[in-house]
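Trainee: I would like to take a close look at a single part of this model, and I would be glad of a careful, connected explanation.

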Amino acid sequence: MYKKELDTLLETKKINNFFLLFGAEEYQIQDYTEEILSIFINEDTNLLTLYFDEYEFKKAVNHLSEPSLFASQNILHIKTDKKIPTKDLKALISLCKDNKDNKFILELYESDTKITSEISKAFGTNFVRFFKPNTPDEAINILAKTSRKMGLNITKNALYDIYFIHNENLYLAASELNKLSSLNLHIDQEIVKKLVFSLSSIGFDEFFNKLFNLQDIKNDFFQIEQSPSFNEIALLNSFYKLFFRLFKLHSYIKINGKFDIKEAIGYKPPINIENTLKQQSLMLNLKNYEEIFKVLNLAELELKTNSSIDKSAFLISMILNLQNIISKAKFK
């Protein structure tokens, strides 16, 4: 089923007693699982949660098979990133079909279609696949819903700032909301500016703006590189994503003769970001964009095929190359 259908079921508290939540979007899977469990769990509940490598079929099936002396219902919750044999799942689901007091929730962090297709078939229609937000607007709506649930009074622009500070990572942004909720304050952009910081000391949008403004970015790059989650290809993808956003905006203005950021890129960011994007997109011409995308594509090829390359020095060189293209456009 679709996420909207699950939302309706949660509102009516009519969730089937076996359910699968899976995909590549960690925060939403976890959040919806917790919401389902909150509906199922009461004072007469016998809950067993098996995390990742803790899963054993015998332990799981025994939990649902054996009556409890102290509870009227057994709940099995499995959280894993590995494939569980289909025969195991069918046996566990069968125990739920035979006894409505048995409940089984599978929280699967896997996006491989071949694996998840086989697993989801065992659950019939009782599953939802979660995807990463397509646009910042979609992510902000999710964060706004989270804010309302925790009673956090926060502006939309503050949510945008938090999301971008954490490099569009929904899980980290939601964790930040949880910390801010303890302040019992109205959260606006000024408070976010004072209290919210990226794990890598600098958000990628800030880093990109420094690059675009031809500032020295070497120290910032080394800070980003030290992040535990740093990945060279992910960095290239982030560059590509932001330059392609500028290209879409540039093309829309040239084709339509007007500036409409929501029509061009699918969402409307805070006005300060909107003005920055407009200025940046028009600074470059089509040839500049072509050169930039060529640099990024060749860099990805080199990183993927040359195992002996000094990746750090290579990326610095690539960034300086990008700044050279921007400099020529800026001072033509």
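Trainee: Why does Lys268 count as partly exposed? Please begin there, and then go on to the salt bridges and to strand 1.

Mentor: This is a predicted model, in which local features need pLDDT of at least 70 and side-chain atom pairs count only at pLDDT 80 or more, while totals for chains, interfaces and linings use all residues. Residues are numbered from 1 along each chain as its sequence is written, and side-chain values use heavy atoms, with hydrogens and water left out.

Lys268 counts as partly exposed because its relative accessibility is 45%; buried means under 20% relative accessible area, exposed means over 50%, and partly exposed lies in between, with a 1.4 Å probe and protein chains only. The side chain of Lys268 meets that of Glu274 in a salt bridge, at 2.8 Å from N to O, where a salt bridge is a side-chain nitrogen of Lys or Arg within 4 Å of a carboxyl oxygen of Asp or Glu. Glu274, in turn, is buried, with a relative accessible area of 8%. Elsewhere, Asp31, Glu35 and Lys149 are joined into one network by salt bridges that share partners. In general, side chains of opposite charge can pair when their charged atoms come close.

By this rule the count comes to 14 salt bridges, and another of them links Lys79 with Glu107, whose closest N and O atoms are 3.8 Å apart. Because Lys79 lies in strand 3 (residues 73-80) and Glu107 in strand 4, this pair ties together parts that are 28 residues apart in sequence. Both Lys79 and Glu107 are buried. Asp216 and Lys218 also form a salt bridge, with their closest N and O atoms 3.4 Å apart; here Asp216 counts as exposed at 56% relative accessibility, whereas Lys218 counts as partly exposed at 39%.

Now to strand 1. Helices (H or I, at least four residues) and strands (E, at least two) are DSSP runs, numbered from the N terminus. Strand 1 covers residues 18-23, and six of its six residues are buried. Phe18, Leu20 and Phe22 point one way from the strand, while Phe19, Leu21 and Gly23 point the other way. This fits a general pattern, since in a regular strand the side chains alternate between the two faces of the sheet.

Two strands pair if DSSP finds at least two bridges between them. Strand 1 pairs in the parallel sense with strand 4 (residues 102-108) over five bridges, and the bridge partner of Phe18 in strand 4 is Phe104. Strand 1 also pairs in the parallel sense with strand 5 (residues 127-130), over four bridges, and there Gly23 has Phe130 as its bridge partner.
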